[in-house]
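Work through the exercises below with the sequence and the coordinates open. Each task is followed by a solution in steps.

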Amino acid sequence: MLCAMVRIPLALALCAGLLAAAPSHAQPVEVAPLAAPDAFSVAGRDTGLAPTLWRGTSTETLRAVLPLVAAKPLSPAAVQLARRVLATGAPGPDGAADPALLGLRVQALLALGDVEAASAILQRAAGLERNPELARAAAESALLAGDDARACALADGLATGRDETYWLRLRAFCQAAAGQTAQAQLTFDLAQAQARDAAYGRLMAARLGAGAPGAASLRNGLDYALSRSLGLDLTRATASPAVAAAQAGGAPAAPAWDLEALGGGVAELAAVIAAGQPVPDGGVTALVAAAGEADAKSRARLQSQALLVAALKPQLSPADRTRLAAFTLAEGKAPAGRSLALHDAARRQLAGETALLALWTAADAGAGGPGAADRARIARALAEAGLEADARAFVLEGLAALK
């Protein structure tokens, strides 16, 4: 008002002085840089695991374990653990803003049969054409979904790694589908010269009109697409987890174990474990005592059962510890260094790192899963790290195998 009442030019000088003297109430604006997207922030589905899952995890451990999970057969309990941690949307560890790491994550999910989670993650992925690992995961996901055109577009748009065997095989398929027979034959020959593959070779040769295709192959998305395009009977072929999941649709089912054949007290304890209830002290003590007194014929089985159940008890009584210490079970096959790392990660409650180290040992063990000693160590570590449901799954799987 004062400025409005004072005549010009006096008004200009007076108002300028008033404005200069007036206190400023404006707050400084703090600008925080946005965190770079990483390989694990996008969720494949809701797993119920905490957003701190990957806190403290080593990216080098991720790079070592994810290819093993994608390439090696795992037991059902290990598959369930791998699916849960890899489908979880949680900020990754330092160094996880790497498209190649995202590609490894998605490829592992596809190999585990969690096609829906892999597809959900890929929908939010950028820069597919700049990274062969990520692009390959996207191409396989498209082929599994029956979207051959999308896979071929990815192959055409790839900026690097175009001469790798997988991309030569896919381009040969795409060129054949587009009626470019001469180009497809040349690309096919290059792929086979680089890394000969009998199943792909006969299917692709048939696609090019040179020979009978034989039986369908359902090892991966590309074999699946080739077998479909040739009109082969898909019901007679053994499908990989990824192809089986694509054919079935929906989220993967949780594993189940036949525990009815377990005898007496062990069956009762297994039922308690399966229900997610605390393992009773008396039941553990009775089982440990019986295993310690077992005859030579049943000693190994009973001691293995007792060891697995005891792994779910955070605190054992002095008497139970003494009896367990006298068990004669053989040591596990996991390297001592990995076992020490597993124990340390669990003690610090690093859930993601603990899960990865457990999966490393599980991948080395194969489809049958780890032996009793390694399995008990894994179950104890998972429980201590907060992955209680997965710890129980490893114990139940082990008990079912010992019936």
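**Exercise 1. Overall make-up**

How many helices and how many strands does the secondary structure of the chain come to?

Solution. The model is a predicted one.
- Step 1: the count gives 21 helices and zero strands.
- Step 2: turn to the extent of the chain. Its radius of gyration is 29 Å, whereas a compact globule of 403 residues would have one near 22 Å.
- Step 3: along the principal axes, the C-alpha atoms fill a box of roughly 110 × 70 × 35 Å.
- Step 4: of the 403 residues, 47% are buried.
- Step 5: consider contacts in the chain with a separation of 6 or more. Residues 24 or more positions apart account for 66% of them.

**Exercise 2. Surface and charge**

State the accessible surface of the chain and describe its charged side chains.

Solution.
- Step 1: the accessible surface comes to about 19,600 Å². Carbon and sulfur atoms hold 56% of that area.
- Step 2: there are 36 positive and 36 negative side chains.
- Step 3: the centres of these two sets lie 1 Å apart.

**Exercise 3. The disulfide**

Find any disulfide in the structure, then give its handedness and its place in the chain.

Solution.
- Step 1: searching the whole structure turns up one disulfide.
- Step 2: the cysteines are C152 and C174, with an S to S distance of 2.0 Å. This satisfies the cut-off, which asks for sulfur atoms within 2.5 Å.
- Step 3: the pair links distant parts of the chain, 22 residues apart. C152 belongs to helix α8 (residues 148-157) and C174 to helix α9 (residues 165-177).
- Step 4: the torsion about the S-S bond of C152 and C174 is about -90°, so this disulfide is left-handed.
- Step 5: C152 and C174 are both buried.

**Exercise 4. R171 in helix α9**

Is R171 buried or exposed, and which residues does R171 touch?

Solution.
- Step 1: R171 sits in helix α9, the helix that also holds C174.
- Step 2: R171 has a relative accessibility of 11%. The limit for buried is under 20%, and R171 therefore counts as buried.
- Step 3: not counting residues up to four places away in sequence, R171 touches A155, R162, D163 and T187.
- Step 4: from R171 to F188 is 17 residues in sequence and 8.3 Å in space, C-alpha to C-alpha.

**Exercise 5. Helix α12 and its cover**

Which residues of α12 are buried, and what covers them?

Solution.
- Step 1: α12 spans residues 221-229 and is mostly covered, with seven of its nine residues buried.
- Step 2: the buried residues are G221, L222, D223, Y224, A225, L226 and S227.
- Step 3: their cover includes α7 (132-144), α8, α9, α11 (198-207) and α13 (241-248).
- Step 4: take L203 in α11 as an example. L203 is buried, at a relative accessible area of 0%.
- Step 5: leaving aside neighbours within four places in sequence, the contacts of L203 include D223, L226 and S227, which are among the buried residues of α12. P213, A215, S217, L230 and L232 are also in contact with L203.
- Step 6: the C-alpha atoms of L203 and D223 are separated by 7.9 Å, although the two residues are 20 apart along the chain.

**Exercise 6. From α18 to α20**

Locate Q349, L359 and A373, and describe the backbone or the surroundings of each.

Solution.
- Step 1: Q349 is in the loop between α18 (336-347) and α19. Its phi is positive, about 55°, although Q349 is not a glycine. Most residues other than glycine have a negative phi.
- Step 2: L359 lies in helix α19 (residues 351-365) and is buried, with a relative accessible area of 2%.
- Step 3: beyond its neighbours within four places in sequence, L359 contacts V65, V69, A78, L81 and A82.
- Step 4: L359 and A385 are 26 residues apart along the chain, and their C-alpha atoms are separated by 14 Å.
- Step 5: A373 is found in helix α20 (residues 372-384). A373 counts as buried at 15% relative accessibility.
- Step 6: with neighbours within four places in sequence left aside, A373 is in contact with L307, A330, E331 and G332.
- Step 7: between the C-alpha atoms of A373 and D320 there are 17 Å, and along the chain these residues are 53 apart.

Note on methods:
Residues are numbered from 1 along each chain as its sequence is written. This is a predicted model: local features need pLDDT of at least 70, side-chain atom pairs count only at pLDDT 80 or more; totals for chains, interfaces and linings use all residues. Side-chain values use heavy atoms; hydrogens and water are left out. Helices (H or I, at least four residues) and strands (E, at least two) are DSSP runs, numbered from the N terminus. Buried means under 20% relative accessible area, exposed over 50%, partly exposed in between (1.4 Å probe, protein chains only). The radius of gyration is taken over C-alpha atoms; the globule rule is 2.2 Å times the number of residues to the power 0.38. Contact means heavy atoms within 4.5 Å. Accessible areas come from the Shrake-Rupley method with a 1.4 Å probe; for residues, only the protein chains shown count as cover. Lys and Arg count as positive and Asp and Glu as negative; His and the chain ends are not counted. The place of a charge is taken as NZ of Lys, CZ of Arg, CG of Asp or CD of Glu.
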